[in-house]
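This briefing introduces a structure to be read alongside its sequence. Please keep both in view while working through the points.

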2 protein chains.
Amino acid sequence: MLDTYLKECLYFTANRLGRVLTKMAEDEFASCGLAPNGAFLLMAVYEQEGITQKKLGEMLHLQPSTVTRLIEKMIGRSLIYNQVEGRLSRIYSTDKGKALQPQIQQCWDTLRDRYGAILGIEDGDRLTLELYKASDRLEGKIQE
Amino acid sequence: MLDTYLKECLYFTANRLGRVLTKMAEDEFASCGLAPNGAFLLMAVYEQEGITQKKLGEMLHLQPSTVTRLIEKMIGRSLIYNQVEGRLSRIYSTDKGKALQPQIQQCWDTLRDRYGAILGIEDGDRLTLELYKASDRLEGKIQE
DNA sequence: TAATATTGTTTGTACATACAAATATAGACA
DNA sequence: TGTCTATATTTGTATGTACAAACAATATTA
């Protein structure tokens with residue numbers, strides 16, 4: 001009976017899957033000394049040097065305070081630096097940070113292959129996109 | 001480009017969806033003063049009074065230490081009590097804990113309706129089951 | 001221009017979760 | 001019986017995330 005509730009509860013299943021994949025992802029990214037979200041943040045910075053924290057939060061769907069904390073850590077590891085401009089804090093990657101780019105991409109690919117090998121690449125990707133859309137709808141990002 | 005990576009990353013989408021639903025669930029369960037996983041734990045105890053912590057962890061897919069901490073809190077609120085039996089810690093619900101049963105069930109139903117209203121009841125349930133199965137496979141609980 | 005509102009960031013605090021090591025008990029077996 | 005191993009739980013510590021309040025800078029408007 002509880003089991004039925006668990007299988008029917010999106011709160012539970014989404015978080016459980018999150019935990020399972022977090023473990024896989026952390027494991028994968030340990031090789032470049034980054035947390036998975038740190039890697040995403042760095043990719044966002046590669047794409048737009050000088051991006052603001054607010055924008056980073058929007059892209060990664062994290063709260064501003066969470067972004068502040070993540071950035072603190074990465075500055076501490078000299079992967080990025082920030083330049084305050086009025087009330088904005090703009091983020092740039094350091095040389096050390098830039099050097100990680102190829103490894104990071106490699107890690108994402110490997111991670112995708114790893115769960116793809118179990119779920120099937122197609123099914124894994126389809127599920128992933130479906131989750132993305134579900135979040136968008138639940139957050140009201142897409143009408144109806 | 002980053003956006004593409006995010007939409008294609010199951011680690012990211014599962015955790016994002018988890019965060020969205022955690023907020024909804026916490027909001028819903030605030031009315032009975034429980035965290036969502038506390039509610040699940042209590043349901044597991046209703047179902048089997050004297051259940052061990054190990055078993056609880058298996059059902060909720062949480063690590064033993066996490067279960068210990070969750071139980072500490074709920075004992076603190078007098079919703080459950082434990083009885084040590086050799087190396088086992090068996091968990092029972094108190095009268096105060098038992099009294100919550102109807103409210104808890106109500107909350108789950110309301111929560112399901114809430115996201116069901118956005119995703120569609122059918123689609124929501126289908127997605128939920130799919131996530132459950134994906135976790136099982138990724139954890140090697142199901143061959144092939 | 002002064003007062004007020006808005007916006008972006010940080011700080012203090014709290015929670016859920018986990019890992020690794022420690023502890024305690026039970027079981028196996030020599 | 002005594003020792004070794006396996007099992008269940010707890011403890012210490014760390015991480016990721018968030019909320020609310022504080023702070024700082026900009027924009028608005030009276």
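The points below concern the domains, the pairing of the chains and the surface near the DNA.

The model is predicted. Chain A is assigned two domains, chain A and chain B are related by a two-fold axis, and 22 residues surround DNA strand C.

**Domains of chain A**
- The domain assignment places 1-33 + 100-144 in domain 1 and 35-96 in domain 2 of chain A.
- The C-alpha centres of these two domains of chain A are 22 Å apart.
- Seven residues from domain 1 of chain A and six residues from domain 2 of chain A make up the contact.
- On the domain 1 side of chain A, α2 (10-29) and α7 (101-119) each give two or more residues.
- That side of domain 1 of chain A consists of five nonpolar residues, one polar residue and one charged residue.

**Pairing of chains A and B**
- A turn of 180° with a shift of 0.0 Å along the axis lays chain A on chain B with an RMSD of 0.0 Å, which is the relation of a two-fold axis.
- In chain A, Ala14(A) has the C-alpha nearest the axis, at 2.9 Å.
- The copies meet through the same surface, because 100% of the interface residues of chain A are also interface residues in chain B.

**Surface near DNA strand C**
- The closest of the surrounding residues are Lys54(A), Ser65(A), Ala35(B), Ser65(B) and Gly86(B).
- At least two residues each come from α2, α4 (53-60), α5 (64-76) and β3 (88-93) of chain A, and from α5 (64-76) of chain B.
- The largest share, four residues, is supplied by α5(B).
- By class, this surface holds eleven polar, six charged and five nonpolar residues.

Key: Residues are numbered from 1 along each chain as its sequence is written. Chains are lettered from A and ligands numbered from 1 in the order in which they are written. This is a predicted model: local features need pLDDT of at least 70, side-chain atom pairs count only at pLDDT 80 or more; totals for chains, interfaces and linings use all residues. Domain bounds come from an automatic or database domain assignment. Two residues are in contact if their C-beta atoms, placed from the backbone, lie within 7 Å. Ala, Val, Leu, Ile, Met, Phe, Trp, Tyr, Cys and Pro count as nonpolar, Asp, Glu, Lys and Arg as charged, and the others, Gly among them, as polar. Copies are superposed by least squares on the C-alpha atoms of residues with pLDDT of at least 70 in both. A residue is near a molecule or strand if its C-beta atom, placed from the backbone, lies within 6 Å of it.
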